[in-house]
Amino acid sequence: MSFHSPFPDVEIPSTSIYEFLFGSLTDAELELPAFVDGPSGAVTTYGELIAHINGVAGALAARGIEPGDVVALHSPNVPAFGSVFHGILRAGATATTINALYTADDIAKQLEDSKAKFLFTVSPLLPQAKAGAEQAGLAAESIVVLDGSEGYASLRDLLTELAPTPRVTIDPEEHLAVLPYSSGTTGRPKGVMLTHRNLVANVCQASEALGGGQHRILSVLPFFHIYGMTVLLNIALRNRSTLVTMPRFDLMEFLRITSEHKCTQVFIAPPIAVALAKHPAVDQFDLSSVELVFSGAAPLDANLGQAVAQRLNCQVRQGYGMSEMSPVSHLIPVNRDDVALDSVGFTVPNMECKLVDPGTGEEIQVPESGVSEPGELWCKGPNIMRGYLGNAEATAETLVEDGYLRTGDIATVSSDGVVSIVDRLKELIKYKGYQVPPAELEALLLTHPQIADAAVIGVIDDEGEEVPKAFVVRQAESGLTEQEVIDFVAEKVSPHKKVRAVEFLDAVPKSAAGKILRKDLRARESAS
Ligand code: AYL
């Protein structure tokens, strides 16, 4: 028994994301601030943004980038992100956004897998970008350092070329706009193929529930991740809001910038809610401009959410989704005060969902009153990805019958359509909202000469945060310590992927087919 969004369908224009966001900009709107660089206060107007987007598209075309080519963007949140991101799409190319925390190895893998022909980065990230590009065989001429660096073209260099914007035809249904990387339900990160229509659709589906209208938006959540890309960047630009950017999280800067720029909407992942609810520094700032704090990407504790709402005297709302859904499928609308914060609210317009018993494969009934039994959440709608790049097998496991996407999350639904995420079926770990694919850490652990076998799962630490924990089988007579395992991994991975707890086992529990029985490890963990 499937359930629809309780809201009427919205119209989704059949157009490129550029046309959709900027096609109707008026002369008066060109003067509005699109971006404010939080640290410096520098403003980019909508008029400047459009000029820069067209300039980037022209410069890419002049360098031989054609529709269908992939261009990588590796940058923290700075105003130029918007110009480059939309410039790539304007040229008809596909943007693959790279996590700013990634190591050279991670960068090389994504460049190779996506077959990126060009890379934009920033000077603070150049050492790892350069090493990754070399490993992937990308020449220095194909790298632009936005803020400039000896031996590389800068964004200004590109813009002063004044190369004509190419005329490209974009079929919104087919043309890939972005390729963010996600490990999905299993394995290593894969390129998530999202079309122009996917991106346009999700803006249409989620914008209204977030209040629509013009806002000043504190933008610390990374634009390279789909949350920042759609929910911050694209929805804000569509509504002629102002994005106040921060390249990294620092509580004092976050509070100062929110207060100084009178931000009205603040988007966070749950760890920031802890600081907003508990840190004494919050009282030193005037945060009265804040109307909405919106959390997504990992479960928000309802009490914590309420504490933030009380302390800041604002609304707190939660959303849920996946990179594979562009990403928003569920959220609590701003105009609804009656929805429990431990839920993820309602299915967004134009979507249909069902819950499937992971044991029997049978559909779970939606009750006439009360709350359903838990089941795996399956979703369908115009925001669902086309598949994983070059990976038909993973695509077939995720996009199943009748256009449904298997989320790998366990949910319940109430008779009035409120969905709650109650567990995770898939192996993915979320650390502070960032994806940590256990398969990657397991493969790395197995390269240690004293490790015979390993399995990694997410566990909840003393602060209530999900962290990666490794279960390790040592080689015979090895005296390897827990700390040595932690250090071994920490040296090789980006900070969010560090193993933060270790336990030694005699054997990793496995199925007859050799698959790690993660649920046995989880059961062991909750029993301890
Ligand atoms: P990815 N509660 C519980 N789990 C969540 C939540 C939530 N609110 N949001 C995301 N997840 C988990 O691709 C869940 O396991 O996209 C899901 O399958 O990095 C996985 O994270 C997807 O991870 C918004 C704002 C969605 C943000 C997002 C997040 C996109 C994260 C809707 O309004």
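Reader: Which residues touch the most other members of the largest nonpolar core?
Author: This is a predicted model. Its largest nonpolar core holds 93 residues, and helix α9 (residues 226–238) gives the largest share of this core, nine residues. The members that touch the most others are F22, I88, F120 and L237.

Reader: Which residues does F22 touch, leaving out those up to four places away in sequence?
Author: F22 is one of the four core members with the most contacts to other members. With residues up to four places away in sequence set aside, F22 touches Y46, L49, I50, I53, H86, L237 and R240.

Reader: How many residues are in the second, separate core?
Author: This core stands apart from the one described above. Among its members are V220, V266, I272 and C314. C314 has 12% relative accessibility, and because the limit for buried is under 20%, C314 counts as buried. The second core has 34 residues.

Reader: Why is C314 not in a disulfide?
Author: A disulfide needs two cysteine sulfur atoms within 2.5 Å. The cysteine sulfur closest to that of C314 belongs to C263. That is too far for a bond, because the distance is 13 Å.

Reader: How far from C353 is the nearest cysteine sulfur, and how many disulfides does the model have?
Author: C353 is buried, at a relative accessible area of 0%. The nearest cysteine sulfur is that of C379, 3.7 Å away, and C353 is in no disulfide. With the cut-off at 2.5 Å, the number of disulfides is zero.

Reader: Is N239 buried or exposed?
Author: N239 sits in the loop between α9 and β12 (242–245). Its contacts, not counting residues up to four places away in sequence, are S207, G212, G213 and Q214. Its relative accessibility is 18%, and because the limit for buried is under 20%, N239 is buried.

Reader: Which element gives the most residues to the shell around the ligand?
Author: The ligand is surrounded by 21 residues, and the closest are G319, S323, D409, K426 and K430. Four residues of the shell come from one strand, the element that gives the most. That element is strand β15 (residues 315–321).

Reader: What share of the ligand's exposed area does the protein bury?
Author: A nitrogen atom of the ligand lies 3.3 Å from a backbone N or O atom of A297, and a ligand nitrogen lies 3.5 Å from a backbone N or O atom of P299. An N or O atom in the side chain of D409 is 2.5 Å from an oxygen atom of the ligand. Taken alone, the ligand exposes 660 Å², and the share buried by the protein is 99%.

How values were computed. Residues numbered from 1 in each chain as written. Predicted model: local features only at pLDDT ≥ 70, side-chain atom pairs only at ≥ 80, totals over all residues. Heavy atoms only, no water. Core = buried A, V, L, I, M, F, W, Y, C linked by side-chain atoms within 4.5 Å. Buried < 20%, exposed > 50% of the residue type's maximum accessible area, 1.4 Å probe, protein only. Helix = DSSP H or I, 4+ residues; strand = E, 2+ residues; numbered from the N terminus. Contact = heavy atoms within 4.5 Å. Near = heavy atom within 4 Å. Polar contact = N/O pair within 3.5 Å; in protein donor to acceptor, adjacent residues only side chain to side chain. Areas by Shrake-Rupley, 256 points an atom, 1.4 Å probe, with all protein chains shown as cover.
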